[in-house]
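Visitor: I have a model to look at and some terms I do not follow. Could you take me through them, one by one?

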Amino acid sequence: MIEERDNNLIRQCIEWDRKAQNALYKKYCSKMFTVCFQYSKNREEAEDTFHEGFMKVFENLKHFANLGSLEGWIRRIMVNTAIEKYRKNARMFVVVNIDNNEDFSSHYYSDDILNQIGTKELMRLIQNLPPAYKMVFNLYVFEGLKHKKIAEQLGLSEGTSKSNLYEAKAILQKQINQSNGVLELTGRQHER
C-alpha cells in the first residue's frame, strides 16, 4: 500500500498536472535511468528507453492498481520498454542457440564477487556484454526471471536463454580473471 502523499501525486499526474509529473519524474529518474542503462548498449539508447518508458508511465498511471510499490511498477515499465526495443532490434544480434544438453543450473555467483571487484566495475563489465547475453543476464540476475519467462519475453527458446546466460557468465568470468587474477564467478570450472 502506498502512502497518501503518493496517492495524491498519482491522482494529480493522472490529471496531467505538470508539476506533479515533474515531482514523480524527479523522485524516480535516477533509479530508472540506471535500470534503462543496464539494458542498453550506450547512454543514448538508455536515454531513449528512459524517456519512452516515462511517457508510458504517465499514459498508464491510471491503471496502477496500488497492489505493490509504485517504484516496482515503474521499474517493470522501464524493463518492458527495454525488452520491446531489444525485440525490435533482435534480428541484428547474434544469438547462440543450443539444445538443453548441458546443465547450466549448476552455475552460480560467488557471494563475495562485489567485495572483490565492486559494483561499478561489475556494472561496467555487464554493460560491455553482447546485447543478447546482456539482456538475458539482466533479466535473470536483476529481475529474477526464470528461463521460461525470459524465453517468452524475448522470443527465444529456453535453451537459448540458458546458453546466453552461461556465455554471459563465461565472458564476465574471463574479464574478471584478467583484471583481478583468479576469481570464481561461476562457482566451479566448467569444460565445454
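Visitor: Which residues in α1 meet residues in α2?

Guide: This is a predicted model. In it, Asp6, Leu9, Gln12 and Cys13 of α1 meet Ala20, Gln21, Ala23, Leu24 and Lys27 of α2.

Visitor: Why are α1 and α2 called oblique to each other?

Guide: Two packed helices are described by the angle and the distance between their axes. Here the axes of helix α1 (residues 4-14) and α2 come within 8 Å and cross at roughly 125 degrees. Roughly perpendicular covers 65 to 115 degrees, and roughly antiparallel needs over 145. The angle fits neither class, and α1 and α2 are therefore oblique. Their crossing is left-handed.

Visitor: What makes Gln21 buried?

Guide: Gln21 is found in helix α2. Buried means under 20% relative accessible area, and Gln21 has 5%, so it is buried.

Visitor: What does Gln21 touch, and with which side chain does the side chain of Gln21 make a polar contact?

Guide: Leaving out residues up to four places away in sequence, Gln21 touches Cys13, Trp16 and Phe58. Its side chain makes a polar contact with the side chain of Arg18, at 2.8 Å. The limit for such a pair of atoms is 3.5 Å.

Visitor: Why is Trp16 called partly exposed?

Guide: Partly exposed lies between the buried limit of 20% and the exposed limit of 50%. Trp16 has a relative accessible area of 41%, so it falls in that class. Trp16 is found in the loop between α1 and α2. Its phi is near 60 degrees, a positive value in a residue other than glycine.

Visitor: How many aromatic pairs are there?

Guide: Ring centres must lie within 6.5 Å to pair, and by this rule the count comes to 8 aromatic pairs.

Visitor: Why is the pair of Tyr25 and Phe54 called tilted?

Guide: Their ring centres are 5.0 Å apart and their planes stand at 55 degrees. Stacked planes are under 30 degrees apart and edge-to-face planes over 60. The angle meets neither condition, so the pair is tilted.

Visitor: What does the pair of Tyr25 and Phe54 tie together?

Guide: Tyr25 lies in helix α2 (residues 18-38) and Phe54 in helix α3 (residues 43-60), so the pair ties together parts that are 29 residues apart in sequence. Tyr25 and Phe54 also belong to one aromatic cluster with Phe33, Phe37, Phe50 and Phe58.

Visitor: Which of the words buried, partly exposed or exposed fits Tyr25, and which fits Phe54?

Guide: Tyr25 has a relative accessible area of 25%, so it is partly exposed. Phe54 has 3% relative accessibility, so it counts as buried.

Visitor: How do you know that helix α7 is largely enclosed by the rest of the structure?

Guide: In helix α7 (residues 131-141), 8 of the 11 residues are buried, so the helix is largely enclosed. Among the buried residues are Tyr133, Met135 and Phe137.

Visitor: How many helices and strands are there in the protein?

Guide: The secondary structure comes to 9 helices and 0 strands. Of the 192 residues of the protein, 42% count as buried.

Note on methods. Residues numbered from 1 in each chain as written. Predicted model: local features only at pLDDT ≥ 70, side-chain atom pairs only at ≥ 80, totals over all residues. Heavy atoms only, no water. Phe/Tyr/Trp six-rings, centres within 6.5 Å; stacked < 30°, edge-to-face > 60°. Helix = DSSP H or I, 4+ residues; strand = E, 2+ residues; numbered from the N terminus. Buried < 20%, exposed > 50% of the residue type's maximum accessible area, 1.4 Å probe, protein only. Polar contact = N/O pair within 3.5 Å; in protein donor to acceptor, adjacent residues only side chain to side chain. Contact = heavy atoms within 4.5 Å. Axes fitted to C-alpha atoms, helices over the stretch in contact; angles between N-to-C directions. Parallel < 35°, antiparallel > 145°, perpendicular 65-115°, else oblique. Left-handed = near helix turned anticlockwise from the far one by under 90°.
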